Amino acid sequence: GVRSLTIYMEPAPDEVNVANNKVMGLLTVKNPEIVEVPQKYKTIQAAINNAYAGDTVKIAAGTYHEHIFIDKSINIVGETGRTIIDGSGEGAVVEVSSCSRANISGLTMRNGAYGLAISSSDQNEIVNNTILGNVYGVELFYSQTNILKNNRISNNNYNFGVEGESLLDFAQDIDASNTINGMPIYFLLNERGKHISGKAGLVVAVNSTNITVANLTLKNNVQGVIFAYTNDSRIENLNLDNHEWGILLVKSFNNVVSNNAFSNCTYSID
């Protein structure tokens, strides 16, 4: 129900004006609910707009021509492989902005400028989704400690990217269960002495040392390889094709970058 809430702060020593030490307001208190689409709401966005933190928006199988905006701590659950959100060739199919602890699972996000864009948002869980046929597949902008598992990213012009300025902007929990065109994403955080070669969709090393990335062909990402706050490591014998940045170095020092081939990259090394 609706409850009255009063917050009161004890006066500081010698404080004379205490009129603003008390704030009163109304607070809605409720149990989490499951909100179904299209049974209760015809569009996903209408269900999200009417959901409270902790609620679950459950989306039935079907194709929804929408652009979804999430800015609250809710659960978005689709039927894996059967709940398709189509961006009609423009905009972000799913955008998470200024949000923490949202959970998204079971969606196919396709045909947008971005399949999934996460901006200024932390500790969200993105699990068991398919992102395909977008200009940008998944991109994280200035967001921290998000969890990505079992997501399939494929056939986007640029499949994956991370942008930020601080260490925490790059400190994501992304494991090799995530794939790009069927190949694992290697996202190394706080690692030492790792060697990545053979097949990979993307390689990122964050706050790590003595990392070797070698003998790979990497295609179609915002960045092919990212070293962020990573030192005393090597990037060698790579073929890098169709990236905005072939190799991106962020506050990383004493690394060896040698014998790499770049094609169709806006920037080879930055």
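User: Why is E79 called partly exposed?

Analyst: In this predicted model, E79 has a relative accessible area of 31%. Partly exposed is the class between under 20%, which is buried, and over 50%, which is exposed. The value for E79 falls between these limits, and E79 is therefore partly exposed.

User: What makes R82 count as exposed?

Analyst: The relative accessibility of R82 is 51%. The exposed class begins over 50%, so R82 belongs to it.

User: How do you know that the side chains of E79 and R82 meet in a salt bridge?

Analyst: The distance from N to O for this pair is 2.7 Å. A salt bridge requires a side-chain nitrogen of Lys or Arg within 4 Å of a carboxyl oxygen of Asp or Glu. The E79 and R82 pair satisfies that requirement, so it is called a salt bridge. In general terms, side chains of opposite charge can pair when their charged atoms come close. The structure holds 5 salt bridges, and the E79 and R82 pair is one of them.

User: Why is the pair of D173 and K149 called a salt bridge?

Analyst: The side chains of D173 and K149 meet at 4.0 Å, N to O. The limit is 4 Å, so the stated distance stands at the cut-off and the pair is listed as a salt bridge. D173 lies in strand β19 (residues 173-174) and K149 in strand β16 (residues 147-149), so the pair ties together parts that are 24 residues apart in sequence.

User: What links K149 to D175?

Analyst: A salt bridge does, with an N to O distance of 3.1 Å, which lies within the 4 Å limit. This pair also connects distant parts of the chain, for K149 is in strand β16 and D175 is in the loop between β19 and β20 (179-180), 26 residues apart. K149, D173 and D175 are thus linked in a network of salt bridges.

User: Are these acidic partners and K149 buried, partly exposed or exposed?

Analyst: D173 has 36% relative accessibility, K149 has 28% and D175 has 26%. These values lie between 20% and 50%, so D173, K149 and D175 are partly exposed.

User: What makes T108 count as buried?

Analyst: T108 has 9% relative accessibility, and buried means under 20%, so T108 is buried. T108 is found in strand β11 (residues 108-110). Leaving aside residues up to four places away in sequence, T108 touches G81, T83, I84, I85, T130 and L132.

User: Why is strand β15 called largely enclosed by the rest of the structure?

Analyst: Strand β15 (residues 136-141) has 6 of its 6 residues buried, so the description follows. Strand β12 (residues 114-119) runs parallel to β15 and is joined to it by 5 bridges, with Y114 opposite Y136. β15 also pairs in the parallel sense with strand β18 (residues 158-163), over 5 bridges, and there F141 stands opposite E163.

User: What makes up the nonpolar surface patch of about 430 Å²?

Analyst: The patch is formed by L5, I7, V23, L27 and V29. The elements giving two or more residues to it are β1 (2-8) and β2 (22-28). L5, in strand β1, illustrates the accessibility criterion: its 40% is over the 30% that patch residues need, so L5 meets that criterion while counting as partly exposed.

How values were computed: Residues are numbered from 1 along each chain as its sequence is written. This is a predicted model: local features need pLDDT of at least 70, side-chain atom pairs count only at pLDDT 80 or more; totals for chains, interfaces and linings use all residues. Side-chain values use heavy atoms; hydrogens and water are left out. Patches are made of residues with over 30% relative accessible area and no salt bridge: like charges are joined within 9 Å, nonpolar side chains (Val, Leu, Ile, Met, Phe, Trp, Tyr) within 5 Å. Accessible areas come from the Shrake-Rupley method with a 1.4 Å probe; for residues, only the protein chains shown count as cover. Helices (H or I, at least four residues) and strands (E, at least two) are DSSP runs, numbered from the N terminus. Buried means under 20% relative accessible area, exposed over 50%, partly exposed in between (1.4 Å probe, protein chains only). Contact means heavy atoms within 4.5 Å. Two strands pair if DSSP finds at least two bridges between them.
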